[in-house]
There are 2 protein chains.
Amino acid sequence: MRLMRPLITAAAVAFALPALSQTDPLPSWNDGDSKAAIIAFVDGVTTEGGDDFVAVADRVAVFDNDGTLWAEKPAYVQLYFAIDRVKALAPQHPDWTTTEPFASILKGDIDKAFAGGHKAIAEVIGATHSGMTTEEFNSTVLDWITTAKNPETGRPVLDMVYQPMLELLAYLRANGFQTFVVSGGGIDFMRAFTEQAYGIPNPQIVGSSGKLKFDIVDGKPELLKEPDVDFIDDGPGKPVGIQMHIGKQPIAAFGNSDGDLQMLQYTCITDGPRFCAFVHHTDGTREWAYDKDSNVGQLDEGLSAASTYGWTLFDMAKDWKVVFPGTQ
Amino acid sequence: MRLMRPLITAAAVAFALPALSQTDPLPSWNDGDSKAAIIAFVDGVTTEGGDDFVAVADRVAVFDNDGTLWAEKPAYVQLYFAIDRVKALAPQHPDWTTTEPFASILKGDIDKAFAGGHKAIAEVIGATHSGMTTEEFNSTVLDWITTAKNPETGRPVLDMVYQPMLELLAYLRANGFQTFVVSGGGIDFMRAFTEQAYGIPNPQIVGSSGKLKFDIVDGKPELLKEPDVDFIDDGPGKPVGIQMHIGKQPIAAFGNSDGDLQMLQYTCITDGPRFCAFVHHTDGTREWAYDKDSNVGQLDEGLSAASTYGWTLFDMAKDWKVVFPGTQ
Ligand SMILES: [Ca+2]
Ligand SMILES: [Ca+2]
């Protein structure tokens, strides 16, 4: 009989393991503080009668996009889109060959083109994101993004979403949360792919925007995208975007840079059960390692705030078993 | 045997009648073209495999508020709120006793106060809807609206929602629709009562807005309401508001005035199954009778468009069995 016991135990373990992994809502997360903190938070707000219970209607979670849900290095995907549009539209704009920042883009000198910083970026976005209907723009983005590749890794940009964050989105939704994207990226740009990429429908996408103009052209109603900036959904703009689009304070917020600081403050500096976290880009092997000194996705003040307020840091190297879907 | 048949039939009818009325989704609507058109539309878009089937994700219905979901006569409820705020805040603004339009409001001469039209209204809204946090404003509106009464009928303003439209909202939602308010009214003003009044949560309220400013005051994050106008969700602004907040074209739109014309054009001048209707204020006995010549809720161009495009007119006197909840 003694001989049988280890065999029975081994069999029990063999059957138990698949069952356990089936019920793990976050299989791409390593066991550790981050995963435990997420699960404890969700258990708390969903336990009826518990001190931390939150009604389903108030389970609002907000997510930054670039660097939080998908990769933002070597530069924002939307910037590569704008650069490709400059090239595609150049024949209609002969003056661009002699006007910066367009001239440098057309010569392939991207660094020089954007040496002008925000102003140069705004000019390129304005020129490439206006002069068409919202419907036309949507098709253009969709056509582009389904074949676009990251210039450094060569991987399709749509494959460079973070698998652990997809699981987090699904886990929250399975627990009654409404998940929103709250990003500095263009709202019309994002909506071309966010439902497919993240399972988040258009009304739950909050972003930066240009002015729109309604008109009826050839008997057909349309919304024309104009070059003027309407709203910048970044930094102190993020709580404003949240109020405009959602109209209630979130109970969970996820970002990766100082541009998310005010969104996390708005969400977590308050009473009641709250969860705030920064994705900390610590993995130079599987992704990129950067924070304080990065020109894209700088995380500096945010790190101090996380330490002051006890927000969670998702340590990409340590916490994530997998970074991108279908990789190890 | 022949004698038995009518009896059986009578019994069947007796049992069938209560069952029929239980399943009538629009009990406050009289039988007629309007009710039949609504039901035919909903049946069409929900019949899987049918020509008019629309996926649940695309079942978006938009509703104007003033004059479409609740009464707007003798003037917008939000204007009465602003007037009461002027009176409440007057001690802190001694200059108002000599500055128009405030002076006339304080003297009780509302007509004179608003003789200046849009400019006077904007000034009063700016002065009474700013200088506090969104949270403080929300409580102020909620306190006010739960006791506010219509100056002509004496009924609580929250009781002057239209029972048939509440049934329409519920019927659409029961059939997989997402229902949105898209109103010229203030977004923060509406959100104080729209969930309670219409069962529509804050993220589904689209309205006019003032600028907001994020700040941390005494360690507490807050959004301060500023006096500058940010967005006017009226006329051609309605399709813009729809794109910003919803990001897809609705398949059903309901309004009552020319300010809704572009929203109905955007929704219904397109292929595919669509439903557009104006609430036509034809009932001077139970409500107010007005259209072309009204200073509030003018419906003129809209009537022509409805005739051109075959949109439905909800004839309040003829189509509605009941106007307000709990009345006959
Ligand atoms: Ca980011
Ligand atoms: Ca109206």
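## Two chains, their shared interface and two calcium sites

Between chain B and chain A the count of salt bridges is zero. The structure is a predicted model, and the absence of salt bridges between chain B and chain A is a useful place to begin reading the interface. What the rule does find across the interface of chain B and chain A is eight residue pairs in polar contact, with both residues of each pair at pLDDT 80 or more. The elements that contribute two or more residues to the side of chain B that touches chain A are the helices α7 (134–145), α9 (187–191), α11 (237–245) and α12 of chain B, together with the strands β2 (178–186), β3 (205–217) and β4 (220–231). Of these, α11(B) gives the most to that side of chain B, with five residues.

In terms of extent, 30 residues of chain B are in contact with 30 residues of chain A. Chain B and chain A bury about 2,800 Å² between them, and 62% of this area is on carbon and sulfur atoms.

The relation between the chains can be stated precisely, since a general description applies: two copies of a chain are related by a rotation about an axis and a shift along it. Here, a turn of 180° and a shift of 0.0 Å along the axis lay chain B on chain A with an RMSD of 0.0 Å. The two copies are therefore related as by a two-fold rotation axis. In chain B, the C-alpha nearest this axis belongs to His245(B), at 3.1 Å from it. The same surface serves both copies, in that 100% of the contact residues of chain B recur in chain A.

One residue that can be followed across this boundary is Thr134(B), which lies in helix α7 of chain B. Is Thr134(B) buried or exposed? With a relative accessible area of 13%, Thr134(B) is buried, because the limit for that class is under 20%. Leaving aside residues up to four places away in sequence, Thr134(B) touches Gln243(A) from the other chain, and within its own chain Asp188(B), Leu212(B), Leu223(B) and Lys225(B).

The calcium sites come next, beginning with chain A. Which protein atoms are donors of the calcium ion (ligand 1)? They are Asp64(A) (OD), Asp66(A) (O) and Asn256(A) (OD1), lying 2.2 to 2.3 Å from the ion. Along the chain, the donors of the calcium ion (ligand 1) follow the spacing D-x1-D-x189-N. Asp64(A) lies in the loop between β1 (60–63) and α3 (77–89) of chain A, whereas Asn256(A) lies in the loop between β5 (252–255) and α12 (261–268) of chain A, so the pair ties together parts that are 192 residues apart in sequence. Asp64(A) is buried, with a relative accessible area of 5%, and Asn256(A) also counts as buried, at 2% relative accessibility.

In chain B, the calcium ion (ligand 2) has as protein donors Asp64(B) (OD), Asp66(B) (O) and Asn256(B) (OD1), which lie 2.2 to 2.3 Å from the ion. The spacing of the donors of the calcium ion (ligand 2) along the chain is D-x1-D-x189-N. Because Asp64(B) lies in the loop between β1 (60–63) and α3 (77–89) of chain B and Asn256(B) in the loop between β5 (252–255) and α12 (261–268) of chain B, this pair ties together parts that are 192 residues apart in sequence. Both Asp64(B) and Asn256(B) are buried.

Some backbone features remain, and they are best read against a general expectation: most residues other than glycine have a negative phi, and most peptide bonds are trans. A cis peptide bond joins Lys73(A) and Pro74(A), with omega at about 0°, and Pro74(A) is found in the loop between β1 and α3 of chain A. In chain B, a cis peptide bond joins Lys73(B) and Pro74(B), where omega is about 0°, and Pro74(B) lies in the loop between β1 and α3 of chain B.

The remaining feature concerns phi. Asp218(A) has a phi near 50°, a positive value in a residue other than glycine, and its place is in the loop between β3 (205–217) and β4 (220–231) of chain A. Asp218(A) is exposed, with a relative accessible area of 80%. For Asp218(B), phi is near 50°, a positive value in a residue other than glycine; Asp218(B) is found in the loop between β3 and β4 of chain B and is exposed, with a relative accessible area of 80%.

Note on methods:
Residues are numbered from 1 along each chain as its sequence is written. Chains are lettered from A and ligands numbered from 1 in the order in which they are written. This is a predicted model: local features need pLDDT of at least 70, side-chain atom pairs count only at pLDDT 80 or more; totals for chains, interfaces and linings use all residues. Side-chain values use heavy atoms; hydrogens and water are left out. Donors are N, O and S atoms within 2.8 Å of the metal (3.2 Å for Na, K and Ca); water is not among the atoms, so sites may look incomplete. Helices (H or I, at least four residues) and strands (E, at least two) are DSSP runs, numbered from the N terminus. Buried means under 20% relative accessible area, exposed over 50%, partly exposed in between (1.4 Å probe, protein chains only). Copies are superposed by least squares on the C-alpha atoms of residues with pLDDT of at least 70 in both. Contact means heavy atoms within 4.5 Å. Buried area is the accessible area (1.4 Å probe) that two parts lose on being put together, summed over both. A salt bridge is a side-chain nitrogen of Lys or Arg within 4 Å of a carboxyl oxygen of Asp or Glu. A polar contact is a pair of N or O atoms within 3.5 Å; within protein, one must be able to donate a hydrogen and the other to accept it, and residues adjacent in sequence count only if both atoms are side-chain atoms.
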